[in-house]
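Me: I should like to understand the reasoning behind several structural terms. Please set each value against the criterion it must meet.

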Amino acid sequence: MSRAVTNLQIDSTRLWDSIHETAKFGATPKGGVRRLTLSQEDKQVRDWFRKACEGAGLEVHVDTLGSMFAVRKGRDMSKLPVGLGSHLDTQPTGGKFDGILGTLGALEVIRTLNDAGIETDAPLCIVNWTNEEGSRFAPAMMASAAYVGDFTVDDILSRKDAEGTTVGAALDGIGYRGETKVGTQKFSGFVELHIEQGPILEAENKTIGVVDHGQGVFWYDGKVTGFESHAGSTPMPLRRDALLALSEFALTLEQIAIKLGPNAVATIGEAVIANPSRNVIPGEIAFTIDCRSANADTLDALDASLRAAAGEISKKRRVEIAIDQVWRKPPTHFDPKLVDAVERAAGTLGYAHRRITSGAGHDACNLNTIMPAAMVFVPCKDGISHNELEDATQSDCAAGTNVLLHTVLSLAGVAS
Ligand code: HGY
Ligand code: MN
Ligand code: MN
């Protein structure tokens, strides 16, 4: 590779400006971003992204689940493109970097190659995957899961949010139900840049995380059915209190994860009392469970233990605890060759780096089931993410994007 290419660096200010320019779509008073998938705020950032991609000479197409693909021609168009990108949707109390860094970092790679007049041998394709977060519609990494065949497109289109709006209606509502059949755009491989969303890189003063594994994820929908009765006249021993049953289950689940740890986590992120009233004993609660581990056996142990605990508590408290598994994502072992390519790029660029397992799920974890995939991590402040305080430094974001650039160049080849 020529010296000019080897020394090529992205434009750190342009990347930083685009991160902060797009943060205005769904900006929250506390400095975060609320950009739920397929919302009006998501439409705004999608429109911005499409315009920026077309401005960079890319040909944009959208699939039937709204994922956006922007192709940069290569010298040899008979070759499959190298894919890079992430997602632009956020959590309700999201930050400026989760997903956004990887998508805008991919755009910055293209802009840098354009400025340098570099043509790659294979084409490149940058991607904004619909609904990575899984907050408004389950599951998370939804569109890439359908892309790899874990769910049918019709199943996904029929998924409903808490208001009863389907994915299909939400796509139509923002004009992003595209023409391209899901799975049409093929790749030779996929590389995703992302903030770590954990504390390790910052604590160890590492600039780059070379992601070789990802935790598996089990999601469940749960419902506790007790018995509504008067908060004043019902003696304590006669109560079938759904909230107290869920509370005992939640604390038991915490102990299960701690016992199976350190490589196990479990979270009840949603709990909704049906027809809440301060002087009625809760009779019904819908809740969710998120369990994770990088070890498949630990995941299975989490599953068995939480089901057993639900059975014991339901008997003891004379309630029903129904648990329905709605998503099963096994642990990810990223493609060794692509992981090596990321590690080589980080080493050549002189960044302090280490191998790392991703605690969070990512679209690249799904893609890795049908093509070679890998990830590049950069630190985030205090390891905080899925929180409006989420923060990262300009230099780390630039370093991660430089590693993405040189990894992609090593995979796509340089024609001129
Ligand atoms: O849930 C996850 O790990 C991702 O942030 N959607
Ligand atoms: Mn993400
Ligand atoms: Mn996220």
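The exchange below concerns a predicted model and takes up its helices, then its loops.

Me: How do you know that the span of helix α9 agrees with its number of residues?

Reply: Helix α9 covers residues 242-260, which is 19 residues. At 1.5 Å a residue the expected span is 27 Å, and the end C-alpha atoms are 27 Å apart, so the two values agree.

Me: What caps the N-terminal end of α9?

Reply: The cap is D241, a side-chain oxygen of which lies 2.8 Å from the backbone nitrogen of L243. A polar contact requires N or O atoms within 3.5 Å, and the 2.8 Å between D241 and L243 meets that limit.

Me: Which residues of α9 are buried, and against what do they pack?

Reply: The buried residues are A242, A245, L246, E248, F249, L253, I256 and A257. They pack against the strands β7 (216-225), β8 (265-267), β9 (271-273), β10 (284-293) and β11 (320-329), and also against helix α10 (296-317). An α-helix has 3.6 residues a turn, so residues three or four places apart point the same way.

Me: What is the angle between α3 and α4, and why is the pair called roughly parallel?

Reply: Helix α3 (residues 40-55) packs on helix α4 (residues 100-116) at about 15°, and their axes are 10 Å apart. That angle makes α3 roughly parallel to α4, because the term applies to angles under 35 degrees. The crossing of α3 and α4 is left-handed. From α3, the residues W48, F49, A52 and C53 meet T103, L104, L107 and R111 of α4.

Me: At what angle do α2 and α13 cross, and why are they called roughly perpendicular?

Reply: The axes of helix α2 (residues 12-22) and α13 cross at roughly 110° and come within 9 Å. This makes α2 roughly perpendicular to α13, because that class runs from 65 to 115 degrees. On the α2 side the contact is made by S12, T13, L15 and W16, and on the α13 side by Q394, C397, A398 and T401.

Me: What makes α13 mostly covered, and how does its reach compare with the expected value?

Reply: Of the 19 residues of α13, 15 are buried; the cut-off for that word is under 20% relative accessible area. From first C-alpha to last, α13 reaches 26 Å, close to the 27 Å expected at 1.5 Å a residue. After α13 comes G413, with a positive phi near 80°.

Me: Why is N275 called exposed, and D382 partly exposed?

Reply: The relative accessible area of N275 is 64%. Exposed means over 50%, so N275 qualifies. D382 has 47% relative accessibility and therefore counts as partly exposed, the class between 20% and 50%.

Me: What is notable about the phi of N275 and of D382?

Reply: Most residues other than glycine have a negative phi. N275, although not a glycine, has a positive phi of about 50°, and it lies in the loop between β9 and β10. D382 is not a glycine either, yet its phi is positive at about 55°; its place is in the loop between β14 (373-378) and α13 (394-412).

Me: Where are the cis peptide bonds at P139 and P262, and what are their omega values?

Reply: Most peptide bonds are trans. The bond from A138 to P139 is cis, with omega near 5°, and P139 is found in the loop between β4 (124-128) and α5 (142-147). G261 and P262 are also joined by a cis bond, with omega about 5°; P262 is in the loop between α9 and β8.

Key: Residues are numbered from 1 along each chain as its sequence is written. Chains are lettered from A and ligands numbered from 1 in the order in which they are written. This is a predicted model: local features need pLDDT of at least 70, side-chain atom pairs count only at pLDDT 80 or more; totals for chains, interfaces and linings use all residues. Side-chain values use heavy atoms; hydrogens and water are left out. Helices (H or I, at least four residues) and strands (E, at least two) are DSSP runs, numbered from the N terminus. The expected span of a helix is 1.5 Å times one less than its number of residues. Buried means under 20% relative accessible area, exposed over 50%, partly exposed in between (1.4 Å probe, protein chains only). Contact means heavy atoms within 4.5 Å. A polar contact is a pair of N or O atoms within 3.5 Å; within protein, one must be able to donate a hydrogen and the other to accept it, and residues adjacent in sequence count only if both atoms are side-chain atoms. Axes are lines fitted to C-alpha atoms, for helices over the stretch in contact, and angles run from 0 to 180 degrees between N-to-C directions. Angles under 35 degrees count as roughly parallel, over 145 as roughly antiparallel, 65 to 115 as roughly perpendicular and the rest as oblique. A crossing is left-handed if the near helix is turned anticlockwise from the far one by less than a right angle, and right-handed if clockwise.
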